[in-house]
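This report describes a predicted model. It takes up strand pairing, the nonpolar core, aromatic pairs and one helix residue in turn.

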Amino acid sequence: MRILFNGMYFYPEVGGMETHILNLARGFIKLGDDVEVITSNSSKSRKVEIYDGILIIRTPFFGKNLIGWVL
């Protein structure tokens, strides 16, 4: 099965949602599923990378500030 997670932030950002998505993704991979995560590029990470077997795709994001949250 192919699974897509969408979250505003993801690893290496640290927080409850980030940890939850990471743990869910790892669990699905252990079951043999393909997992992708679409997230923001708020950190200085690559636009596309594979972490622990998870394909991570980062899209533009305005940042962690009032203007970014509003946009």
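## Strand pairing

In which sense do β2 and β4 pair, and over how many bridges? The two strands run in the parallel sense, and their pairing extends over five bridges; within it, Ile38 has Ile57 of β4 as its bridge partner.

On β3 the arrangement is antiparallel, with four bridges joining this strand to β4, and here Ile50 stands opposite Leu55 of β4. These two strands, β3 and β4, make a hairpin that leaves two residues between them, and in the turn Asp52 takes a positive phi of about 50 degrees.

## Two faces of β4 and the nonpolar core

The side chains of β4 alternate along the strand: Ile54, Ile56 and Arg58 are buried and point to one face, whereas Leu55, Ile57 and Thr59 point to the other face and are not buried.

Ile54 and Ile56 also belong to the largest nonpolar core, a set of ten residues that is completed by Ile3, Phe5, Phe10, Ile21, Leu22, Ala25, Val35 and Val37. Two or more core residues come from each of β1, α1, β2 (34-40) and β4 (54-59), and α1 gives the most, with three. When residues up to four places away in sequence are not counted, Ile54 touches Phe10, Leu22, Ala25, Ile29, Val35, Val37 and Glu49.

## Aromatic pairs

The count of aromatic pairs in the model comes to two. In one of them, the ring centres of Phe5 and Phe28 are 6.2 Å apart and the planes meet at 40 degrees, so this pair is tilted. The pair links distant parts of the chain, since Phe5 lies in strand β1 (residues 2-6) and Phe28 in helix α1 (residues 16-30), 23 residues apart. Phe5 is buried, because its relative accessible area of 14% is under 20%, while Phe28, at 26% relative accessibility, counts as partly exposed.

Tyr11 and Tyr51 form an aromatic pair that is stacked, with 4.1 Å from centre to centre and 20 degrees between the planes. This pair, too, links distant parts of the chain: Tyr11 is in the loop between β1 and α1, Tyr51 is in strand β3 (residues 48-51), and 40 residues separate them. Tyr11 counts as partly exposed at 34% relative accessibility.

## Glu18 in helix α1

Glu18 lies in helix α1, and with a relative accessibility of 9% this residue counts as buried. Leaving aside neighbours within four places in sequence, Glu18 is in contact with Tyr9, Phe10, Tyr11 and Glu13.

Note on methods: Residues are numbered from 1 along each chain as its sequence is written. This is a predicted model: local features need pLDDT of at least 70, side-chain atom pairs count only at pLDDT 80 or more; totals for chains, interfaces and linings use all residues. Side-chain values use heavy atoms; hydrogens and water are left out. Rings of Phe, Tyr and Trp (its six-membered ring) pair if their centres lie within 6.5 Å; planes under 30 degrees apart count as stacked, over 60 as edge-to-face and the rest as tilted. Buried means under 20% relative accessible area, exposed over 50%, partly exposed in between (1.4 Å probe, protein chains only). A nonpolar core is a set of buried Ala, Val, Leu, Ile, Met, Phe, Trp, Tyr and Cys residues joined through side-chain atoms within 4.5 Å. Contact means heavy atoms within 4.5 Å. Two strands pair if DSSP finds at least two bridges between them.
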